Amino acid sequence: MRKIRHTLQREIVYQAILSMPGHVTADMVYEEIHAAHPSISRATVYRNLRMLEAEGGIMRIDVPGGADCFEARVREHYHIRCAHCGKLFDAKLKYMPNLVELEQAADSEFEICACNLLFVGYCPECRARRAEEMEENEQAQKENEEQ
């Protein structure tokens, strides 16, 4: 395995991820860095994100239909994406490393090397907003029926 050289740019990218709350996209990291270090290009940020992931310093979360996200929490865990606002959250669910073993035990023709499980639902803010909208729609429908 090739040893990856730890550069100043990589440290800047890593520190940016540590300082940013939650799950961040590569563009968010670039914007955060660019303000203080305008000489660091978007390509440099993307390259260093890949390197940090390869080193195990950060985790990349594949987000179907959206930009991949990154976080400094590298311990295996699951995520939930809000179907309305698109924000990503850590799931409060115990990690089950035996899922890969279960799939392999199911006589799959695949050689499973990883599992990436993403739950989709509505975050508390969007759920409350949806409930308000539904209530308003029901009220408007009743008013239309009364006319």
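**Exercise 1. Two helices**

Work out how H1 and H2 are oriented to each other in this predicted model.

*Solution.* Begin with the two elements themselves: helix H1 covers residues 8-19, and helix H2 covers residues 26-36. Next take the geometry of their packing, in which the angle is about 110° and the axes lie 10 Å apart. Angles of 65 to 115 degrees count as roughly perpendicular, and H1 and H2 are therefore roughly perpendicular to each other. Then look at the residues that meet: on the side of H1 they are Ile12, Val13, Ala16, Ile17 and Ser19, while H2 brings Val29, Glu32 and Ile33. Sorted by class, this contact of H1 with H2 holds six nonpolar residues, one polar and one charged.

**Exercise 2. Two residues and their surroundings**

Decide whether Thr25 is buried or exposed, and do the same for Ala36.

*Solution.* Thr25 belongs to strand S1, which is made up of residues 24-25. Its relative accessibility is 16%, and since buried means under 20%, Thr25 counts as buried. When neighbours within four places in sequence are left aside, Thr25 is in contact with Ala67, Asp68, Cys69 and Phe70. Turn now to Ala36, which has its place in helix H2. Here the relative accessible area is 57%, and because the cut-off for exposed is over 50%, Ala36 is exposed. As a last step, follow the chain from Ala36 to Asn137, 101 residues apart in sequence, and find their C-alpha atoms separated by 47 Å.

**Exercise 3. The largest pocket**

Describe the largest pocket by its volume, its lining and the classes of its residues.

*Solution.* The volume comes to about 390 Å³. Around the largest pocket stand 17 lining residues, and those nearest its centre are Met59, Arg60, Glu76, Cys115 and Asn116. Among the elements, strand S2 (residues 59-61) gives the most to this lining, namely three residues. Counting by class then yields ten nonpolar, three polar and four charged residues.

**Exercise 4. The second largest pocket**

Find which residues line the second largest pocket, and which strands each supply at least two of them.

*Solution.* The second largest pocket has a volume of about 150 Å³. Its lining consists of Ile80, Cys82, Phe89, Asp90, Ala91, Lys92, Tyr122, Cys123 and Pro124. Placing these residues on the elements of the chain leads to strand S4 (79-82) and strand S5 (88-90), each of which supplies at least two residues of the lining. Sorting the lining by class gives seven nonpolar residues, no polar ones and two charged ones.

Methods
Residues numbered from 1 in each chain as written. Predicted model: local features only at pLDDT ≥ 70, side-chain atom pairs only at ≥ 80, totals over all residues. Heavy atoms only, no water. Helix = DSSP H or I, 4+ residues; strand = E, 2+ residues; numbered from the N terminus. Buried < 20%, exposed > 50% of the residue type's maximum accessible area, 1.4 Å probe, protein only. 1 Å grid on protein atoms, 1.4 Å probe; cavity = no way out; pocket = protein on both sides within 12 Å on 5 of 7 lines; lining within 4 Å. Points joined across faces, edges and corners; volume = space filled by probe spheres on them. Nonpolar A, V, L, I, M, F, W, Y, C, P; charged D, E, K, R; others polar. Axes fitted to C-alpha atoms, helices over the stretch in contact; angles between N-to-C directions. Parallel < 35°, antiparallel > 145°, perpendicular 65-115°, else oblique. Contact = heavy atoms within 4.5 Å.
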